[in-house]
Amino acid sequence: MPEKAATLHAHLDDFIKDTLSRCTRCGKCFEACPMTRYGDGLSKADPKTVVSGVLDWLQQTPGNEESVQWLKVCTQSSRCIEACPEGINAMKMVRVGQMSAMGSLGLQGAPALSGREAKDFFRVINAFSETQMTPDEMARWQR
Ligand code: SF4
């Protein structure tokens, strides 16, 4: 394995181990996420269940459907990072979960996420813009 790839793998392994050992599955990162209303069924999902699914992905085990929905709608708002009482970079946790669900970390079987999955792409961009812009700016953006 090339040296850079080995370094990246070691970094990811360390991050995954640290996250799994410190995450209490409290769900506060999910609760703070501004995107949950855009994922199928996420507005009624149990935050602890969703986070548990993401942690499954980190362990190379397919997570629940709710976790896949959360992985799909993440726009890296970073609100989850501020919300975590354990100081875990929850945005990175979701990012690594995405990598796992796309099969990029070696998960066997069909990927649950596709890099080309563009069904909600523009909806997600608009939703993210909504969290960053004033109403006037949003109106100009959507024109
Ligand atoms: S807020 Fe932090 S400790 Fe709580 S579930 Fe999210 S990552 Fe885990």
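1. Start with how α3 and α6 cross: the crossing is left-handed. Bear in mind from the outset that this is a predicted model. The two axes come within 8 Å and cross at roughly 60 degrees, and α3 and α6 are therefore oblique to each other. On the α3 side you'll find V54, W57 and L58, and these meet M93, V94, V96, G97, S100 and A101 of α6. Sorted by class, that contact has 7 nonpolar and 2 polar residues, with no charged ones.

2. Now for α3 against α4. Helix α3 covers residues 47–58 and helix α4 covers residues 65–73; their axes come within 7 Å and cross at roughly 80 degrees. That makes α3 roughly perpendicular to α4. From α3, the residues making the contact are T49, V50, G53, V54 and W57, while α4 brings E66, S67 and W70. The class count here is 4 nonpolar, 3 polar and 1 charged. If you're following individual side chains, note that V54 and W57 turn up in this contact and also in the one between α3 and α6.

3. The remaining pair to look at is α4 with α6. Here the axes come within 9 Å and cross at roughly 110 degrees, which makes α4 roughly perpendicular to α6. This crossing is left-handed. S67, V68, W70 and L71 of α4 touch V94, G97, Q98 and A101 of α6. By class, you get 5 nonpolar and 3 polar residues, and again no charged residues. S67 and W70 are worth clicking on, since they belong to this contact and to the one α4 makes with α3.

4. How buried is α4? It has 7 of its 9 residues buried, so the helix is largely enclosed by the rest of the structure. The buried ones are E66, S67, V68, W70, L71, K72 and V73. Note that E66 and K72 are on that list, and that E66 is also part of the contact with α3.

5. L71 makes a handy example from inside helix α4. It counts as buried because it has 24 C-beta neighbours inside 10 Å, and the cut-off for that label is 20 or more. Which residues does L71 touch once its neighbours within four places in sequence are left aside? They are V94, G97, Q98, A101 and L113. Take G97 from that set: L71 and G97 sit 26 residues apart in sequence, yet their C-alpha atoms are 7.0 Å apart in space.

6. Next, the ligand. There are 14 residues around the ligand, and C23, C26, K28, C29 and C84 come nearest. The elements giving two or more residues to this shell are α2 (28–32) and α6 (90–101). By class, the shell has 9 nonpolar, 2 polar and 3 charged residues. So that nobody trips over the count, cysteine is put with the nonpolar residues here.

7. Two loop residues deserve a quick look at their backbone. Most residues other than glycine have a negative phi. Q60 has a positive phi, near 60 degrees, and its place is in the loop between α3 and α4. With 12 other C-beta atoms within 10 Å, Q60 is exposed. S78 also has a positive phi, near 75 degrees; you'll find it in the loop between α4 and α5 (79–83). S78 counts as partly exposed, with 13 C-beta neighbours inside 10 Å.

8. One more loop residue: Q108, in the loop between α6 and α7 (121–132). Is Q108 buried or exposed? With 7 C-beta neighbours inside 10 Å, Q108 counts as exposed. Its C-alpha is 9.2 Å from that of T61, and the two residues are 47 apart in sequence.

9. Finally, the chain as a whole. It has 8 helices and 0 strands, so to a DSSP eye the order from the N terminus on is simply α-α-α-α-α-α-α-α. Of its 143 residues, 27% count as buried. Among contacts between residues at least 6 apart in sequence, 62% join residues at least 24 apart. The L71 and G97 pair from above, at 26 residues apart, falls within that range of separation.

Terms used
Residues are numbered from 1 along each chain as its sequence is written. This is a predicted model: local features need pLDDT of at least 70, side-chain atom pairs count only at pLDDT 80 or more; totals for chains, interfaces and linings use all residues. Axes are lines fitted to C-alpha atoms, for helices over the stretch in contact, and angles run from 0 to 180 degrees between N-to-C directions. Helices (H or I, at least four residues) and strands (E, at least two) are DSSP runs, numbered from the N terminus. Angles under 35 degrees count as roughly parallel, over 145 as roughly antiparallel, 65 to 115 as roughly perpendicular and the rest as oblique. Two residues are in contact if their C-beta atoms, placed from the backbone, lie within 7 Å. A residue is near a molecule or strand if its C-beta atom, placed from the backbone, lies within 6 Å of it. A crossing is left-handed if the near helix is turned anticlockwise from the far one by less than a right angle, and right-handed if clockwise.
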